[in-house]
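I opened a fresh notebook page for this one. Here is what I looked up, entry by entry.

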Amino acid sequence: MGIELGKIYHNYIDGQWKPALSGEQSPGVNPANRREVVAYLPQSGKPDVDAAVAAARKALPAWRGMSGTARGDLLYRTAAIVERRLDEIAETMTREMGKTLPEAKGETARGAAILRYYAGEGMRKVGDVIPSSDGEALMFTTRAPLGVVGVIAPWNFPVAIPIWKAAPALVYGNTVVLKPARETGATALKLAECFAEAGLPAGVLNVICGSGAVIGEALAEHPGVNGITFTGSNAVGKKVGMAAFARGAKYQLEMGGKNPILVAEDADLDLAVDATISGGLKSTGQKCTATSRVIVVDDVYDAFRDKLLAKVRELKVGDGMEPDTWLGPCASDRQRETVLSYIRKGVQEGASLLLGGEQPPEGTLADGYYVQPTVFEHVARDMTIFREEIFGPVLALVRAPSFEAAVEAANDSDFGLSASVYTRDIGRMLAFVRDMEAGMVRVNAETAGVELQAPFGGMKQSSSHSREQGQAAIEFFTSIKTVFVKG
Ligand SMILES: NC(=O)C1=CN([C@@H]2O[C@H](COP(=O)(O)OP(=O)(O)OC[C@H]3O[C@@H](n4cnc5c(N)ncnc54)[C@H](OP(=O)(O)O)[C@@H]3O)[C@@H](O)[C@H]2O)C=CC1
Ligand SMILES: O=C(O)CCC(=O)C(=O)O
């Protein structure tokens with residue numbers, strides 16, 4: 001039994017399911033088959049944002065007043081419900097944004113694991129006792145929640161990202177207004193159903209769907225929102241950050257990447273090829289941690305390229321619901337057009353297109369937003385495909401005369417999210433860890449894939465220099481209070 005297609009969804013505000021106040025809704029189509037309407041989603045406006053923020057503000061005192069353990073218990077219960085509904089949530093995700101069903105199931109299971117991790121945070125320490133210079137006083141730190149937190153989420157990890165933002169926000173005593181990407185509203189509303197079934201009090205989590213330019217902006221500018229956490233493009237992230245900064249709200253931005261994998265002359269080439277393919281092309285290259293620049297030392301360049309091409313040719317493109325599909329469609333028509341325009345630019349600017357570069361030939365794929373896995377070589381550092389985030393199944397091969405030159409080329413980027421190296425030499429590993437300007441530095445492992453218990457974030461223009469996930473989340477979602485008590 002599959003999910004109900006074409007269902008009409010409502011916003012989740014103040015513990016109730018409500019249509020947009022305007023009554024407007026918009027269809028969300030399956031990127032693997034544009035004829036399939038997956039869901040009708042509310043097209044909310046500013047009055048809906050006002051209602052959601054008012055509900056979150058009203059719920060705040062009681063939620064903040066509960067113990068961390070009690071808040072954590074609600075997250076444990078939500079995790080169990082997400083797990084029970086895993087197949088349905090994963091199918092909704094695949095039909096809304098195209099990633100393969102096994103990937104969607106893995107991500108949903110990860111969502112439950114993130115909820116459990118932060119449920120446990122409700123019982124962990126929040127401060128330190130610091131010796132005072134006054135022998136009769138007690139000085140210590142504690143943590144206060146920010147208040148109402150706005151979560152603006154992208155479509156590429158529609159379960160993991162909203163949860164890794166909302167779960168720590170909630171457990172530390174904040175209330176939340178979540179605005180999912182327009183592509184993945186139904187998946188987010190199913191998560192809201194799980195929180196509601198777990199017994200989360202009304203108004204503690206609110207989910208509203210609609211255009212980013214309207215309700216995302218309204219949330220960032222709203223005087224009732226104390227903090228905004230955003231993942232998405234650099235252009236929008238900067239706008240959101242500036243809107244929050246202008247009114248003194250706290251903000252956290254996770255944005256693009258242009259992640260390199262370096263292949264040294266002593267690398268295990270088979271492993272390096274597998275990591276390049278998995279890191280660069282899984283989820284159709286739509287990860288901020290996706291491998292995009294493949295920088296290979298001259299001595300092994302030809303052998304690496306030939307192995308890579310042989311394996312990429314074997315990848316099966318198709319509907320993510322089909323069991324033999326390795327690579328699904330781009331998440332939307334807009335995203336497919338962006339990717340194809342980068343490919344055209346690569347060709348115009350003189351890179352050599354070795355493989356792919358087009359929509360797959362007509363047939364069963366004609367109704368979806370597909371792009372063939374694409375490999376370029378002779379990519380120069382001033383080319384657009386070397387410099388800008390593509391967010392599609394496109395790899396740019398770069399030949400480097402030496403390992404040192406490869407590191408230098410890898411650092412020649414405005415971004416610094418993730419970077420990986422393949423080498424067996426401990427000296428090279430350590431040099432890479434020291435010299436690479438990236439928040440996630442990975443040795444003999446692909447650039448993508450993050451662990452929920454470890455800090456995640458980037459350097460340079462990849463982030464606002466904060467970190468998400470693991471214990472790092474407490475830094476954004478709370479403020480430190482230093483307390484001095486004298487009897
Ligand atoms: N770092 C990452 O993980 C991601 C990076 N990207 C990058 O962004 C590119 C474009 O993707 P796209 O989906 O358009 O990313 P956006 O940055 O536009 O979208 C991310 C989120 O921000 C919302 N948003 C859009 N405009 C505004 C605004 N003015 N104020 C506040 N919120 C807003 C979106 O809503 P809505 O969906 O309604 O527009 C969505 O919820 C990709 O090609 C990729 O390069 C995209 C997704 C994730
Ligand atoms: O690599 C991952 O698992 C996470 C990637 C990510 O956070 C993103 O693409 O937004």
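**Entry one: who surrounds the ligand.** I am working with a predicted model. I began with the shell around ligand 1 and found that its largest share, 4 residues, comes from α7. I then listed the elements that give two or more residues to this shell: α7 (212-221), β10 (227-231), α8 (234-246) and α11 (333-348).

**Entry two: the nearest residues.** I counted 28 residues around ligand 1. A153, W155, G212, S233 and E389 come nearest. Sorting the shell by character gave me 13 nonpolar, 9 polar and 6 charged residues.

**Entry three: polar contacts.** Which oxygen contacts could I find? The side chain of K179 has an N or O atom 3.1 Å from an oxygen atom of ligand 1. I noted R334 too, where a polar side-chain atom lies 3.1 Å from a ligand 1 oxygen. At G210 the partner is a polar backbone atom, and an oxygen atom of ligand 1 is 3.4 Å from it.

**Entry four: how covered is it?** On its own, ligand 1 has 860 Å² of accessible area, and the protein covers 92% of that. I also checked where the ligand sits, and the answer is the largest pocket.

**Entry five: the annotated span.** I turned to the UniProt record, an unreviewed entry, which places "domain: Aldehyde dehydrogenase" at residues 24-483. In the model, I found this span to be 42% helix and 20% strand. The C-alpha atoms at the ends of residues 24-483 lie 50 Å apart.

Note on methods:
Residues numbered from 1 in each chain as written. Chains lettered and ligands numbered in written order. Predicted model: local features only at pLDDT ≥ 70, side-chain atom pairs only at ≥ 80, totals over all residues. Heavy atoms only, no water. UniProt positions renumbered as here; feature names shortened; annotations may be inferred. Near = heavy atom within 4 Å. Polar contact = N/O pair within 3.5 Å; in protein donor to acceptor, adjacent residues only side chain to side chain. Areas by Shrake-Rupley, 256 points an atom, 1.4 Å probe, with all protein chains shown as cover. 1 Å grid on protein atoms, 1.4 Å probe; cavity = no way out; pocket = protein on both sides within 12 Å on 5 of 7 lines; lining within 4 Å. Sits in = over half its atoms within 2 Å of the grid points. Nonpolar A, V, L, I, M, F, W, Y, C, P; charged D, E, K, R; others polar.
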